[in-house]
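Please work through the exercises below with the sequence and the model open beside you. Each task is followed by a solution that goes step by step.

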Amino acid sequence: MKTKRKIEIAVISDVHLGTYGCQAKALLTYLNSINPKKLILNGDIVDIWQFSKRYFPKSHLKVIKKIMDFAANGVEVVYITGNHDEMLRKFSNTIIGNISIVDKLVLPLDGKKAWFFHGDVFDISIDKAKWLAKLGGYGYDVLILLNRFTNWTLEKLGKERYSLSKKIKDSVKGAVKFIANYEKTITDLAIENGYDYVVCGHIHQPKMEIVENKHGKTLYLNSGDWVENYTALEYQFKRWKIYNYTNDKLSPFFADEDIKDLSMKDLIAAITIVDKEQTKNSI
């Protein structure tokens, strides 16, 4: 029997359930390998922008079911809203059982303060031209599909995987400048407000870096994504680390036995039934 790793806090973001690029099976494997006290979903978990009734596969439903199982078993689940799931901001500060929906979160951690938010509020392309950002989202999805075919071909040839979007981001000066400005704005605000850790997502760039200016320092953390990088953040023993599924040498954890063989109909039923007593206690 495989032993699940105990983690104080696990942070995932930018899963984009409901899109072709979402690596739901890899995420499900990761979630089945951990036993967290708190699970923070840092935005863009369900991609409501690109949602289509024609595409929401079983593996995506299993991820939702797994998150609900965590909550049912006592794990505190915090859903921080992002831009692709901004519709949920109508329900900010709602609590149902062990699941809460918020726009941002400040947590005390072993005598330090951590500031969690998705990060889209610092993206001017979303604030000023949402239609352009949405169009870019569809283009990104197509690029990921093309990249998936490219990597399938490379693997057949025995060569390493390749990220087209990362290559574009790293080579386009505007993209590099945007990411640098994004990170500087966030870390400057974190230092100004006395936050020891600032934890975000949005730009699909996993990172952990100490940033200093003349006013102080903070630890900048980005959880990456489950489209290209397959990464999460983990906090345990007063330390943060970036988990990378691609580099995990442990034996894989497969879907829990109780959901592995569920039909689509049963999965939908399982994730739409809310415990009436929990709902009553949370109102």
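**Exercise 1.** Does Glu76 count as buried, partly exposed or exposed, and at what relative accessibility?

Solution. Keep in mind throughout that this is a predicted model. Begin with the cut-offs, by which a residue is buried under 20% relative accessible area, exposed over 50%, and partly exposed in between. The value for Glu76 is 37% relative accessibility, so Glu76 counts as partly exposed.

**Exercise 2.** Find what the side chain of Glu76 meets in a salt bridge, and state which parts of the chain are tied together by the pair.

Solution. The first step is to identify the partner: the side chain of Glu76 meets that of Lys38 in a salt bridge, at 2.6 Å from N to O. The next step is to place both residues, and since Lys38 lies in strand E2 while Glu76 lies in strand E3, the pair ties together parts that are 38 residues apart in sequence. Lastly, consider the accessibility of the partner: Lys38 has 13% relative accessibility and therefore counts as buried. A search of the whole structure finds eight salt bridges.

**Exercise 3.** Describe the salt bridge between Lys207 and Glu183, and say where each residue lies.

Solution. Start from the distance, which is 3.0 Å between the closest N and O atoms of Lys207 and Glu183. Then locate the two residues: Lys207 belongs to strand E9 (residues 207-213) and Glu183 to helix H6 (residues 173-192), so this pair ties together parts that are 24 residues apart in sequence. As for accessibility, Lys207 counts as partly exposed at 26%, whereas Glu183 counts as buried at 11%.

**Exercise 4.** Which residues are linked with Glu234 in a network of salt bridges?

Solution. Take one pair to begin with, namely Lys241 and Glu234, whose side chains meet in a salt bridge at 3.7 Å from N to O. Glu234 is buried, at 3% relative accessibility, while Lys241 is partly exposed, at 41%. Now widen the view to the network, in which Arg5, Glu234 and Lys241 are linked.

**Exercise 5.** Which members of the largest nonpolar core touch the most other members, and which helix gives the most residues to this core?

Solution. This core has 30 residues, and Ile12, Tyr30 and Trp226 are the ones that touch the most other members. Among the elements that each supply at least two residues of the core are strand E1 (5-12), helix H1 (24-31) and helix H2 (58-72). H1 gives the most, with six residues. Apart from this core lies another, of 18 residues, including Leu105 and Trp240.

Terms used. Residues are numbered from 1 along each chain as its sequence is written. This is a predicted model: local features need pLDDT of at least 70, side-chain atom pairs count only at pLDDT 80 or more; totals for chains, interfaces and linings use all residues. Side-chain values use heavy atoms; hydrogens and water are left out. A nonpolar core is a set of buried Ala, Val, Leu, Ile, Met, Phe, Trp, Tyr and Cys residues joined through side-chain atoms within 4.5 Å. Buried means under 20% relative accessible area, exposed over 50%, partly exposed in between (1.4 Å probe, protein chains only). Helices (H or I, at least four residues) and strands (E, at least two) are DSSP runs, numbered from the N terminus. A salt bridge is a side-chain nitrogen of Lys or Arg within 4 Å of a carboxyl oxygen of Asp or Glu.
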